[in-house]
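Biologist: Hi! Could you walk me through this model? I have a few quick things to ask.

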Amino acid sequence: MGKIVLVTGAARQLGGRFVRRIQRDPGVDRVIAVDAVSPGHQLGDAEFVLADIRQSAIARVLAEHSVDTVVHLDVSAKALGAGGRTTVKETNVIGTMQLLGACQKSPSVQRLVVKSSTNVYGSAPRDPAVFTETTSPKSLPSGGFAKDAVEVEGYVRGFARRRPDVAVCVLRFANILGPEPDSPLADYLTLPVLPTVLGYDPRLQFVHEDDVVDVLEIAAREPRRGTLNSGTFNIAGDGVLLLSQCSRRLGRPTVPVLLPAVTWVGTALRTIGMTDFSPEQIRLLTHGRVVSTVQMRETLGFSPEFTTAETFAEFARSRGPGLLPPERVGRAVGRLAELPLPGLPAGSTHSTHGAR
């Protein structure tokens with residue numbers, strides 16, 4: 001008999017894609033898709049169970065179906081439907097606690113895969129140039145989804161200590177983009193004009209939706225020869241992009257704002273419902289974040305198909321043209337870079353990249 005895989009967060013776009021993909025694995029016998037709301041997309045031959053992971057009923061679902069593999073994707077920065085930040089936090093934190101409690105009591109569970117985020121490293125001015133999986137953040141996230149992710153990983157580590165017989169894999173994804181992204185950062189990059197922090201040009205990494213589904217499938221299987229899919233892994237495409245490069249490739253002009261005023265801008269954007277410009281996102285757009293993917297390649301044995309730049313190009317094509325053609329924006333920035341700053345000798349130029 002093949003594996004019986006339970007997937008949480010099946011009503012989300014990413015969850016639905018993974019549910020459809022894992023059914024094609026010849027080693028999988030049944031897929032149980034779980035969410036608190038009915039999905040708006042097809043789930044193939046998977047059995048959908050309407051259940052809220054914040055409730056103890058999730059334990060009954062595990063027991064009734066003799067689930068041996070749990071893929072926890074219902075950890076998100078964005079509410080599904082009309083839910084607000086409170087609902088998101090409860091699902092992320094309380095839902096994870098309930099799910100792990102159910103897994104701990106279930107003798108059939110043999111493997112647990114958890115979707116996490118590189119947000120756990122935070123974003124601070126004295127951060128290292130590159131985070132590895134063992135790097136401690138200079139400043140722990142104080143709120144928002146980043147804090148949720150830190151708490152979720154803490155509960156997962158506790159579960160791993162209590163159930164050493166269960167293979168546990170935590171995947172820390174960089175910013176997920178692609179043709180159909182669902183994240184506050186994607187909403188921000190879709191704005192017609194991008195508010196930025198004056199004097200800063202952060203480095204960003206992205207991972208493509210297709211690569212996310214691929215690596216989740218690797219994590220849910222038995223490890224391939226010469227690899228290990230238990231542990232914690234950073235998942236990101238090769239390379240980095242500066243925020244200024246992103247804006248030019250989108251054809252969207254930027255409006256630099258003094259750092260103290262950025263919070264006010266974020267509040268205004270949230271009030272009118274344009275995007276969740278949270279404090280954690282402001283820190284990311286100020287200091288950036290880059291992670292090492294050596295363990296992803298050498299231990300997990302996964303190589304993304306898309307680089308950071310290719311992922312962003314797919315996203316840009318799906319968003320349509322911005323207010324300004326990217327070529328025109330690039331030429332304008334180039335001309336500005338050639339202008340001398342006041343007080344500098346003739347012939348001196350300055351960088352438009354801003355501070356890191």
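What follows is a short chat about this predicted model.

Biologist: Let's start broad. How many helices and strands are there in the protein?
Modeller: The protein has 12 helices and 13 strands. Its chain is 356 residues, and 49% of them count as buried.

Biologist: And how much surface does the protein expose?
Modeller: About 16,000 Å², with carbon and sulfur atoms supplying 55% of that.

Biologist: What share of the contacts between residues at least 6 apart join residues at least 24 apart?
Modeller: That share is 79%.

Biologist: Okay, zooming in on helix α2. Which of its residues are buried?
Modeller: Helix α2 covers residues 57–65, and the buried ones are Ile-58, Val-61, Leu-62 and His-65. Looking down the axis of α2, these buried residues fall within an arc of 95 degrees, so they line one face of the helix.

Biologist: What do the buried residues of α2 pack against?
Modeller: Four strands and a helix, namely β1 (3–8), β2 (28–35), β3 (47–50), β4 (69–72) and α3 (85–105).

Biologist: Which exposed residues sit on the face of α2 turned away from the buried side?
Modeller: Arg-60, Ala-63 and Glu-64 are the exposed residues there. Glu-64 and Arg-60 also form a salt bridge through their side chains, at 3.9 Å from N to O. They are four residues apart in α2, which means that about one helical turn separates them.

Biologist: What comes just after α2?
Modeller: Ser-66, with a positive phi of about 50 degrees. Ser-66 is a residue other than glycine with a positive value, and its place is in the loop between α2 and β4. Its relative accessible area is 41%, so Ser-66 is partly exposed.

Biologist: Back to salt bridges. How many are there by your rule?
Modeller: The count comes to 21. One of them joins Asp-187 and Lys-78, whose closest N and O atoms are 2.8 Å apart. That pair links distant parts of the chain, with Asp-187 in helix α5 (residues 184–189) and Lys-78 in the loop between β4 and α3, 109 residues apart.

Biologist: How exposed are Asp-187 and Lys-78?
Modeller: Asp-187 is partly exposed at 23% relative accessible area. Lys-78 counts as partly exposed too, at 24%.

Biologist: Can you give me another pair that links distant parts of the chain? I'd like to look at one elsewhere.
Modeller: Sure, take Arg-297 and Asp-238, whose side chains meet in a salt bridge at 2.5 Å from N to O. Arg-297 lies in helix α10 (residues 294–298), while Asp-238 is in the loop between β11 (231–235) and β12 (241–242), and the two are 59 residues apart. Arg-297 is partly exposed at 30% relative accessibility, and Asp-238 is partly exposed at 38%.

Biologist: Which residues are joined into one network by salt bridges that share partners?
Modeller: Arg-12, Asp-74, Lys-78, Asp-182 and Asp-187.

Biologist: Switching to pockets. What's the volume of the largest pocket?
Modeller: The largest pocket has a volume of about 690 Å³. It is lined by 37 residues, and those closest to its centre are Ala-77, Phe-145, Asp-182, Ser-183 and Pro-184.

Biologist: Which element gives the most to the lining of the largest pocket?
Modeller: Helix α9, with five residues. Among the other elements that supply at least two residues each are α1 (13–22), β5 (111–117), α4 (144–162), β7 (175–177) and α5.

Biologist: How many residues of α9 are buried?
Modeller: Seven of its nine residues, so to speak a mostly covered helix, spanning 279–287. The buried ones are Glu-280, Gln-281, Ile-282, Leu-284, Leu-285, Thr-286 and His-287. Gly-288 follows α9 and has a positive phi, near 70 degrees.

Biologist: Last one from me. How many cavities of 30 Å³ or more did you count?
Modeller: Just one cavity by this rule, and about 40 Å³ of space lies in the largest cavity. Its lining is made up of Thr-118, Ala-174, Asn-175, Gln-205, Arg-289, Val-290 and Val-291.

Methods
Residues are numbered from 1 along each chain as its sequence is written. This is a predicted model: local features need pLDDT of at least 70, side-chain atom pairs count only at pLDDT 80 or more; totals for chains, interfaces and linings use all residues. Side-chain values use heavy atoms; hydrogens and water are left out. Buried means under 20% relative accessible area, exposed over 50%, partly exposed in between (1.4 Å probe, protein chains only). The arc is that of the directions from the helix axis to the C-beta atoms. Contact means heavy atoms within 4.5 Å. Accessible areas come from the Shrake-Rupley method with a 1.4 Å probe; for residues, only the protein chains shown count as cover. A salt bridge is a side-chain nitrogen of Lys or Arg within 4 Å of a carboxyl oxygen of Asp or Glu. On a 1 Å grid over the protein atoms alone, a cavity is a set of points where a 1.4 Å probe fits but cannot get out, and a pocket is an open set with protein on both sides within 12 Å along at least five of seven lines; lining residues have an atom within 4 Å of a point. Grid points are joined across faces, edges and corners, and a volume is the space filled by probe spheres set on the points.
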